[in-house]
Structure formats: structure tokens, C-alpha cells
Amino acid sequence: MSGNRKNAGRGAAETWRVLWPPRRRVQAVLVLALAVAAVLLFRVRQDVRQARIDLRMVEAAMAGADFEGLAERAPHLLGLAARQAAGESRWREVADLYDEHAEHLPPALLEAAEVELGLDRAAMEDAAAGAGEVAAESPIEPPASAFEKRLRRAQLVDASGIQQLLFDRRGRPLGSIGDDRSLTLEANLPAGLVPPELATHLLPPALQPPGLAAAGPGAMAVSTAGARALRLTIDRAWSEAAARALGREEGAITILEIPSGAVLAAVSNRNRRSRWRARGDSVLDPREPASIAKLITTTAAMRAGLDPDSEIADMTCRGSVLMDGERLYCAAIRGRLRGLTDAMASSCNVSFARLAMAVGDRALVEEYERYGFVIGGPQGAAVPRNAVGVVHEYRHPGKRLGDLSIGLEEASITPLGAAVFAATLSDGLRREPRFVLQADGLLGISPRTPVANDPEAVAVLDPSWLAPLHESMRAVVSPGGTANRVAPRRLRVAMKTGTARGPDKPFHVNYVGFFPSGRGQLPRYAFAVRVTAQPTSSRIRRAGYAVTNRLLRALDGLVGEEIEAGARETIRLTGATGAGP
């Protein structure tokens, strides 16, 4: 019997090998795999198609449009439309829609919306009749969605003394401005992420009450004197990157989008952690510009008809220069200088003081004025609104002219003004910094107005001056420069460093720059870094370098690939036309 079984088994195996040889088995497996892949691909395509439909429906709901089409094609998404309408006190519209399309809508649609919003039908009917405000509380407290949290906050605006809700440029919550014009940030945001002066100093007068009614998608129906919201130009991702870059150092960082003047980040840190602590710097605190002012001296010489490169190439730096009997000293003893790029990279005081002597104090003060400095005001005084900084006197004889030429004692600048200054150097146009992008609904989901070029930009620099100016600033981050290797290569940063110590204050640095620079690309972002509260110049320079390095590495993560791709496209296009890079 056992022998018969073995023979039968061998026969079956032999039959299997004949009918399904290895080649045919491989083919069968491949066919099966292709069939499974085809089914999966079909399902993925169906899911993508449905996702696209859902996305269009969500966009329609957010825009407050086409409720009927939404109900017919995607009934489950009408809940979103209902919540949106609730935010606009449009309950009656939802109720009418329910009555009209009851045959193909979920019967519990409005009931589910009531539970989700924590409302009841009586309150809904009161709102529809205009008899009062919608209640924000309910005995039922379901888990709150992000959307519901926004709606609850919007409903509580008047009751909690909030005058304006603030959102970032992408609609993410930032905080609020109270009736007393004080700024309160969202609970999960670090202090200093939004300038505290924003509430009282930076909002344009046209946007002050009662001129800003809440309107548009996502807004609740309120009067011009009631609650309202603003979408700021500030970007939370950029601001949080800047705050992390500051770390424990006292100071401030500002970043601008150059074409529009939009402020993407304006963060500060008042850590107060050592005996050298200052008051801490907000983005509007004035301090000496230090060596970033050498860029102003350079363009003043250009405006006077001088060639700074050839002028400096004839100079020798032995560590000081005599100005009307007083000496101005230089830490970078360079000997024979090789021109503007060499002087800017090493930040030679002597070369720029001598340029200022050739230009004269009146022309230099007027150059400061063109960049947005106001003339007149004691040292340490607040900088007037919308000014870059202050030059304290009209006349600067002797060594005071040298101090003004290198940014010491005779002038002051704010971190916000320093970023505006850097943006002006990038393309020669001075713009007012913008913090307000548009009025928004109280839910912060209105479409964002595209940021375009600033039509009110003022021409400050001759376009022919930009190439040598930018070359000298790129040398600062190159070998031998004062900020060698501070920036990732693909950002192609051009910048200038400055270090100073004001009377009775610790040392501070101002670093300014922009990117990308060169390869035929137009600069898009300008930045300013202020770090203070260190007892020696060497320690403050190390701290300033570390903060700037962290900042630029973070920005490289945000826009580095985009800039690199733009550079490749620029090179390809210029190569196709036979033009140089």
C-alpha cells in the first residue's frame, strides 16, 4: 500500500511538472502580480479622483459658494459648509438647504453640526431671527476639532475683550489684540514671536477701528465697531525658525520678503540671563549700526562720482587714521589694501573713514537720509515710526565724521530698520515694511491675497552700483571675510557684519544680508540679526556668528531647494541665449 501511495505521489508531481513547468509558473505569478497591481492602481485612481472632488467641495464650502452643488455631489461634506455658515451667522441658509434637499442629505446633518459646535437648535433659530448672539456653551462637550476651536474663539471675541484676532500669512492663529491694545499670543507660541509693539505702533491708521469690518468668507456678521481679524505678513514657520536660531541669546531677528516689503519674521528674546543683560532688544530698539554703515559710506562715495574700489586700492591701513588731530583706530591692520572687496571683507575702518573725508559730512548725512534715517534726536531715543534709524546731528567735524562713516556713536538703527536697509541694498529700492496682509474672517480661512511688488518703492541706488556692492558683500561670507562660511552655499548670501558697544551698554552686533545673490537671480529675502548682552567683542562676535549660522541653515531648509532650482533654470535660460551667467 505504501508503495502504491509513493508511486501515486510521484505521478502527481510528474503531472504537475508537465502541466506547470517552472517557466509557466513564473509567468502565472507575473500575471497575478500584474492583475493585483491593476486593481490597486484602479483603486488609487478612484481615491485620487474622490480626493480631488472632496478638495473642490471643501474649497467651495470655505468660499461660501455653491451649497446646492456641494449637497448633491458630496453630502458628507455639507457638515463643513454648515460649520462655515455658522461662523457667518448664516443658520437660516443651512436650514433652507436642508429642507430643500432632505431626500439626499443625511437626516441628522444639523443635529450633528449642533453637537460638533456645542450649540442647540433654539440658539440657532435665535441667530437666524436676529434675536441675539449664538451661545458658545452647551451641556454637550464633544472633542474639539481645529475648526471648532477657531469657531469657538471667534464666538467669544466680544465677550473676552478681544478687539482683533491675528493670523499669520497662511491663516494659522498667532494671537489677539485686546481692547487696551495689548498683544496676547496663542498659548503654544514662544514669547517674542510677534513684536509686542505691533498692537500700538505698527498697525496702519487705516486699519484701526472702526475702519475694519469683518467681511469675506469665514467672517461673522458684525458691525464695523465689533470684532474683526487681520491676516499678517508674518509666517509662523519662518518666525519659529528665527526664534530657535536666537536660542538663549538676547536680541532680535527680522526677515523681509524683498519685492513686497512683507515682514515674514520679527522675533525677539529678552532673556536677561547674566549680569551683562541689557533691557533686551525688540525689533524697534535703537542701537549703533556699527560696520554695516560702511555700505552707506560706499554708496555716498559712488554718488559723489568716486570709484570706491580704485580709491581704496591706493590706501594703506596701518591701524589708525588721524582726523583733525584725533585718531580713529582699526582692528584689521591690512597694510596695502586691494580695493573695495578687500576692505569690506576685513571691515577696515581706515579705508571707509578716508572715503568719508573725500565725500564730506553733509553728503554722508544726506546718504543716510536716503536710506530712511531721520536727522536729529538724542542717542538712545526711540526711532520715529517708519524710520530706519536716526542720525543724531547734522554736522560731523573731525573724528565724528569717521565715527559716522563706520556706524559708531553718531547714529542708531533698529533691527527692523536694518532689514529694510538690507533690502534696499539688494535692488536699490527702499520700501516701507508691511505687517498687515489683508482683513480676514474671524476663522482665518479667507483666501490669501498674493503678495506683489510694492508700487510705492523709492529708488535709492543707481542700478550700476549694485554689482560691485554685492560683490564686496559676498566677500564677507567668503574665506578671509568676517563671516566666512556662516551661510549654506546654495543660499548664496551677501551680507555685512557690525560690532559695537554703546555708552553704559554691553556689546552688540548687527548682521545684515540678503539672498540669493549672483548667478542672474534677483534677491528675494533680506534679514537682520541683532545679538547683545555680552561683555567682550570676541564673545559677542561668536554669539552673533552662531545665531546667524543657525538662522541661515534653517532658512536653507525652508527655501534652499527652491533657490537652487531657480539658479539652475536661470543658468539654462542664459546659456540658451548665449548670455553670460
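Is Ser260 buried or exposed? In this predicted model, Ser260 is buried, because its relative accessible area is just 1%, and anything under 20% counts as buried. Ser260 sits in the loop that links strand S5 (250-257) to strand S6 (262-269). Its side chain is not idle in contact terms: the side chain of Ser260 reaches the backbone nitrogen of Ala262 at 3.2 Å.

Stepping back to the whole protein, the chain folds into 18 helices and 20 strands. Of the 581 residues, 51% are buried. Contacts between residues at least 6 apart in sequence were also sorted by separation, and 64% of them join residues at least 24 apart.

Helix H10 (residues 294-303) is a handy place to start with the helices. H10 is mostly covered, with nine of its ten residues buried. The buried residues are Lys294, Leu295, Ile296, Thr297, Thr298, Thr299, Ala300, Ala301 and Met302. Just past the end of H10, Gly305 takes a positive phi of about 90°.

Two of the helices that meet H10 are H14 and H13. Helix H14 (residues 361-370) packs on H10 with the axes 9 Å apart and an angle of about 115°. That angle makes the two helices roughly perpendicular, and H10 passes H14 in a right-handed crossing. On the H10 side, Ile296, Thr297, Thr299, Ala300 and Arg303 take part, and they meet Leu364, Glu367, Tyr368 and Arg370 of H14. Sorted by class, the contact between H10 and H14 has four nonpolar, two polar and three charged residues.

The meeting of H10 with helix H13 (residues 349-359) has axes that come within 9 Å and cross at roughly 40°. H10 and H13 are therefore oblique to each other, and their crossing is left-handed. Here Lys294, Thr297, Thr298, Ala300 and Ala301 of H10 meet Asn349, Phe352, Leu355, Ala356 and Val359 of H13. By class, this contact of H10 with H13 has six nonpolar, three polar and one charged residues. Thr297 and Ala300 turn up in the contact with H14 and again in the contact with H13.

Leu355 of H13 also leads to another part of the chain, since Leu355 is one of the residues touched by Ile312. Ile312 is found in helix H11 (residues 308-313) and is buried, with a relative accessible area of 0%. Leaving out residues up to four places away in sequence, Ile312 touches Leu337, Gly339, Leu340, Ala343, Ser351 and Leu355. As for Gly339, it is 27 residues from Ile312 in sequence, yet the two C-alpha atoms are 4.9 Å apart in space.

Leu337 is a contact of Ile312 and of Asp342 too. Asp342 has its place in helix H12 (residues 340-346) and counts as buried, at 9% relative accessibility. The side chain of Asp342 reaches the backbone nitrogen of Arg338 at 3.1 Å. With neighbours within four places in sequence set aside, Asp342 is in contact with Arg334, Arg336 and Leu337.

Helix H9 (residues 236-246) has a side-chain contact at its start. There, a side-chain oxygen of Asp235 reaches to within 2.9 Å of the backbone nitrogen of Ala237. The buried residues of H9 are Arg236, Trp238, Ser239, Ala241, Ala242, Ala245 and Leu246. An α-helix has 3.6 residues a turn, so residues three or four places apart point the same way. Just after H9, Gly247 takes a positive phi of about 60°.

A few backbone oddities round off the picture. Most residues other than glycine have a negative phi, and most peptide bonds are trans. Asp324, which is not a glycine, nonetheless has a positive phi of about 50°. Asp324 is found in the loop between strand S8 (320-323) and strand S9 (326-329), and it is exposed, with a relative accessible area of 69%. Arg485 also has a positive phi, near 65°. Arg485 lies in the loop between helix H17 (463-474) and strand S17 (494-496), and is exposed as well, at a relative accessible area of 66%. As for the peptide bonds, the one from Phe515 to Pro516 is cis, with omega near -10°. Pro516 lies in the loop between strand S19 (507-515) and strand S20 (525-534).

Terms used. Residues numbered from 1 in each chain as written. Predicted model: local features only at pLDDT ≥ 70, side-chain atom pairs only at ≥ 80, totals over all residues. Heavy atoms only, no water. Helix = DSSP H or I, 4+ residues; strand = E, 2+ residues; numbered from the N terminus. Buried < 20%, exposed > 50% of the residue type's maximum accessible area, 1.4 Å probe, protein only. Polar contact = N/O pair within 3.5 Å; in protein donor to acceptor, adjacent residues only side chain to side chain. Axes fitted to C-alpha atoms, helices over the stretch in contact; angles between N-to-C directions. Parallel < 35°, antiparallel > 145°, perpendicular 65-115°, else oblique. Left-handed = near helix turned anticlockwise from the far one by under 90°. Contact = heavy atoms within 4.5 Å. Nonpolar A, V, L, I, M, F, W, Y, C, P; charged D, E, K, R; others polar.
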